[in-house]
Amino acid sequence: MADTMTLAELGLMTPAGRDLRLTGLSVDSRAVEPGHLFAALPGSVIHGAAFIEAAVLRGAKAVLTDAEGARIAGDRIGDAVLVMSDDPRQTFARVCALWFGPHPETVVAVTGTNGKTSVASFARQIWMALGHKAVNLGTVGVEGAWSYPLRHTTPDPITLHRVLAQARREGVTHVAMEASSHGLDQRRLDGVWLAAAGFTNFTQDHLDYHKTFEAYFEAKMRLFRSVLTEDGVAVVNLDDPKGAAVATIATARGQEIIGTGQSGGARLRLLAQRFDATGQDIRFSWQGEVQQARLDLIGGFQASNVLVAAGLCIGAGEDPEAVFRTMPELRTVRGRMQLAARRGNGASVFVDFAHTPDAVETALRALRPHVMGRIVAIVGAGGDRDRTKRPLMGAAAVRNADQVIVTDDNPRTEDPASIRAAVLDGVREAGGEVCEVGDRAEAILRGVDALGPGDALLVCGKGHETGQIVGNDIYPFDDVEQASVSVAVLESRA
Ligand SMILES: CC(=O)N[C@H]1[C@@H](OP(=O)(O)OP(=O)(O)OC[C@H]2O[C@@H](n3ccc(=O)[nH]c3=O)[C@H](O)[C@@H]2O)O[C@H](CO)[C@@H](O)[C@@H]1O[C@H](C)C(=O)N[C@@H](C)C(=O)N[C@H](CCC(=O)O)C(=O)O
Ligand SMILES: Nc1ncnc2c1ncn2[C@@H]1O[C@H](COP(=O)(O)OP(=O)(O)OP(=O)(O)O)[C@@H](O)[C@H]1O
Ligand SMILES: N[C@H](CCC[C@H](N)C(=O)O)C(=O)O
Ligand SMILES: [Mg+2]
């Protein structure tokens, strides 16, 4: 990382052709230190230009903004130098890349409503099995050959480039990162050079932010339209209804396509799956050549994620045969169809991160072929998030489970009872057996108690999370731990 850099070294031009030396970068006026460049970005709540005066008072020497920002700032910019850009978020992302210096040699990114963390983890596991020093970066932080906590799935460009440059210094050569729709829309990863980019699927989420399905899809497509260059490889799950549209966008950019899935046109094509209690065997073909592999992973959709991950590794230069040989070593991602506990009567408890209608449906349907008895589902929806998905999640649960318990999942600043009521509306509309248990620990206990021999419980929504967010507080809570505790309590009573 540079101690200081000039505007010219960062590729920034001022209207008067002035240059000056900067001591740092910030997007938040409260983080500005003397000599910083302050990026006054158009926000979803307010334009950052409203804070230019505060940033200059704290010593900002240069301000990067757009025409609207310059208008808002007026003469409050004082002696600081104004740098204008039509797309200041993109310019800022590129500035961050230059400031923090090179990232690991090979970076791939994956987008999609569901499956990003799983694909990123599988790609990292494949690389590590092949002897590379690799990490995945996203919802679960940075994991693998080097670890680092993160607050966002796709961090802001300052954090992202600081962390990537540090990973390189730690000897990391390969990174698989998640590209969230917020991150893509806000150009957070526009300064990253990608070898390959992947698409898993497109269903409902985050409409609170994007407003329409079209805007949500277009945000995701920025990965192929803008971030991945022409010589990058696009790995596209063609089984998704939007897969063909994604492939068309990538082809128009001249990107090489690796299609995955059951579709006839897939270069990495899934031919057959056979499920058992601990995982599945898959038959697939690579450019027509048939292969077979054992996956110790629960859920048919995990095979789809594994193929996208394999495609990304091949797209980034690995030998396909070597990649396929690593498949039996892949382990489930924390909190994704994770076997958390087993009762004395043989019933299993799985913890999964399903927090969208499609994920709830996919996860429950995927569990079915692994289970001989009934399936009980625990479901809840997050507060301060897309409200329209709540009844749809309830309906998805009741359509695909034999019994449903509705509970709380991070109510945040909303009234938990009204979130549960919205989920219950969906359950009742679809018809089916349901009970409401607000306290999540008790819901899990009751779910485990309901299990007979051969039954399974799927605890949806929190996956790897270790807290329940109520108001602005986070209370320690871990579904995997609660599942074990519940089994222990019930077995000791038996
Ligand atoms: C909705 C959203 O993504 N907001 C992000 C966005 O904020 P914003 O631009 O809308 O902020 P704003 O409040 O309108 O303020 C505008 C500008 O003024 C600046 N400001 C504000 C106040 C002040 O005193 N001084 C100041 O300079 C802000 O830094 C900002 O640049 O830009 C900020 C700075 O980069 C981010 O911190 C912030 O992420 C918030 C914290 C967030 O929670 N984001 C979540 C929703 C998110 O990004 N999630 C995704 C997806 C997860 C998933 O897949 O489910 C993720 O990648 O994690
Ligand atoms: N390919 C898939 N198709 C449908 N559902 C999936 C798929 N992969 C995972 N899921 C479901 O989505 C949940 C979340 O998976 P994962 O964490 O990999 O997704 P993500 O895209 O990273 O989510 P987030 O946007 O919250 O970061 C899983 O627990 C599972 O229920
Ligand atoms: N990245 C997602 C995770 C949701 C997890 C779920 N437990 C919830 O709180 O809704 C979000 O912040 O919308
Ligand atoms: Mg994720």
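Which domains give residues to the shell around ligand 1, and where does that ligand lie with respect to them? Before making any selection, bear in mind that the structure on screen is a predicted model.

Begin by colouring the protein by its domain assignment, which gives domain 1 (5-94), domain 2 (102-329) and domain 3 (338-493). Then select ligand 1: domain 1 and domain 2 both contribute residues to its shell, so the ligand lies between them. Display the 20 residues that surround ligand 1, and label the closest of them, which are Gly43, Ser44, Val45, His152 and Ser180. If you colour this shell by residue class, you will find six nonpolar, eleven polar and three charged residues.

Next, hide the ligand and turn to the contact between the two domains themselves, where seven residues of domain 1 are in contact with eight residues of domain 2. On the side of domain 1 that touches domain 2, select helix H3 (residues 88-100), which gives the most to that side, with five residues. The residues on this side of domain 1 divide into four nonpolar, one polar and two charged. A distance drawn between the centres of domain 1 and domain 2, taken over C-alpha atoms, comes to 34 Å.

Move on to ligand 2, which has 23 residues around it, with Gly115, Lys116, Thr117, Ser118 and Ala354 coming nearest. Three helices each give two or more residues to this shell, namely H4 (116-129), H10 (300-315) and H12 (357-367), and the largest share, four residues, comes from H12. With the domain colours still on, you can see that domain 2 and domain 3 each supply at least three residues to the shell around ligand 2. By class, the shell around ligand 2 holds five nonpolar, 13 polar and five charged residues.

For the last stop, select helix H9 (residues 243-252) and show the side chains of its buried residues, Gly243, Val246, Ala247 and Ala250. These cover an arc of only 100° around the axis, which puts them on the same side of H9. The spacing fits a general rule: an α-helix has 3.6 residues a turn, so residues three or four places apart point the same way. Now add the surroundings of H9, since what covers its buried residues includes strand S11 (196-199), helix H8 (213-227), strand S12 (233-237) and strand S13 (256-261). Rotate to the face of H9 turned away from its buried side, and you will find the exposed residues Thr248 and Ala252. Finally, step just past the end of H9 to Gly254, which takes a positive phi of about 85°.

How values were computed. Residues are numbered from 1 along each chain as its sequence is written. Chains are lettered from A and ligands numbered from 1 in the order in which they are written. This is a predicted model: local features need pLDDT of at least 70, side-chain atom pairs count only at pLDDT 80 or more; totals for chains, interfaces and linings use all residues. A residue is near a molecule or strand if its C-beta atom, placed from the backbone, lies within 6 Å of it. Ala, Val, Leu, Ile, Met, Phe, Trp, Tyr, Cys and Pro count as nonpolar, Asp, Glu, Lys and Arg as charged, and the others, Gly among them, as polar. Domain bounds come from an automatic or database domain assignment. A residue is buried if 20 or more other C-beta atoms lie within 10 Å of its own, exposed if 12 or fewer, and partly exposed in between; C-beta atoms are placed from the backbone. The arc is that of the directions from the helix axis to the C-beta atoms.
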